[in-house]
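Dear colleague,

I am passing on the structure we spoke about, and I would be glad if you could keep it open while you read the notes below.

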Amino acid sequence: MVDSPRNRKKQPDVVRQALLDCATKLALEHGLAAVSLQAVASAAGVTKGGLFHHFPNKQALIKAVFDGMMESLDREIDEELEKDKGGHGTFTRAYVRTLFADRALNNSPWSAQTMTVLADPYSKSLWHRWMNDRLIRHAETDMGMRLEIVRLAADGAWLAHVLRPDDHAASDDTVLLNELIQLTEGDR
């Protein structure tokens, strides 16, 4: 939330970020349907006109939220890549570890993002472009059917986690994670 109208004029980046943070929080807590322009503006402490200064419509706001989530995912995966020993399956291990780390948090922004990717053509396109770019960047270490199967299994485990009722017991994530990581270390 931004302090005062006087400060907002001098800090448009702060206002924009507050709007994105509020939209993300609403999406995480109540789903994308709760992300109305009025709700976001109110939560950020700005007028609806102030929101329109930064985002001309709801789609532009949702796009910016999704873009920010993708940048965050990139950072998380890059952190995992730095920790990895390198070689065959490097990106796939980082991808799987990132998905499972977020599963453990149980309030991950990727939950909302997963549902958005399934329903929104822009988000779906962005996700596929992101994954293709990553696979091209890591083609030397991460091509091959076995690694694709591991990534798809991780995606499926993540989706099962997102769709699971709150009162339903989860599988043992540690065992599943270790099995998937082990598959990335095998022969091509």
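What follows is a short account of the overall make-up and of two helix pairs.

Please bear in mind that this is a predicted model, in which local features need pLDDT of at least 70 and side-chain atom pairs count only at pLDDT 80 or more, while totals for chains, interfaces and linings use all residues. Residues are numbered from 1 along each chain as its sequence is written, and side-chain values use heavy atoms, with hydrogens and water left out.

The protein has eleven helices and zero strands, where helices (H or I, at least four residues) and strands (E, at least two) are DSSP runs numbered from the N terminus. Of its 188 residues, 41% are buried, meaning under 20% relative accessible area with a 1.4 Å probe, protein chains only. The exposed surface comes to about 10,600 Å², and carbon and sulfur atoms supply 55% of it; these areas come from the Shrake-Rupley method with a 1.4 Å probe. If one takes the contacts (heavy atoms within 4.5 Å) between residues at least 6 apart in sequence, 71% join residues at least 24 apart.

The first pair to look at is α5 (residues 58-83) and α8 (residues 121-137). Their axes, which are lines fitted to C-alpha atoms over the stretch in contact, with angles running from 0 to 180 degrees between N-to-C directions, lie 11 Å apart at an angle of about 25°. The two helices are therefore roughly parallel, a term used for angles under 35 degrees, with those over 145 counting as roughly antiparallel. On the α5 side the contact includes Phe 66, Met 70 and Leu 73, and on the α8 side it includes Leu 126, Trp 127 and Trp 130. By class, this contact has nine nonpolar, two polar and six charged residues, where Ala, Val, Leu, Ile, Met, Phe, Trp, Tyr, Cys and Pro count as nonpolar, Asp, Glu, Lys and Arg as charged, and the others, Gly among them, as polar. Met 70 counts as buried because its relative accessibility is 5%, and its C-alpha is 8.1 Å from that of Trp 127, although the two are 57 residues apart in sequence.

The second pair is α10 (residues 145-163) and α11 (residues 173-184), whose axes come within 9 Å and cross at roughly 165°, so that these helices are roughly antiparallel. Among the residues that meet here are Val 150, Ala 153 and Ala 157 in α10, with Leu 176, Leu 180 and Leu 183 in α11. This contact has eight nonpolar, one polar and one charged residues.

With best wishes

How values were computed. Buried < 20%, exposed > 50% of the residue type's maximum accessible area, 1.4 Å probe, protein only. Parallel < 35°, antiparallel > 145°, perpendicular 65-115°, else oblique.
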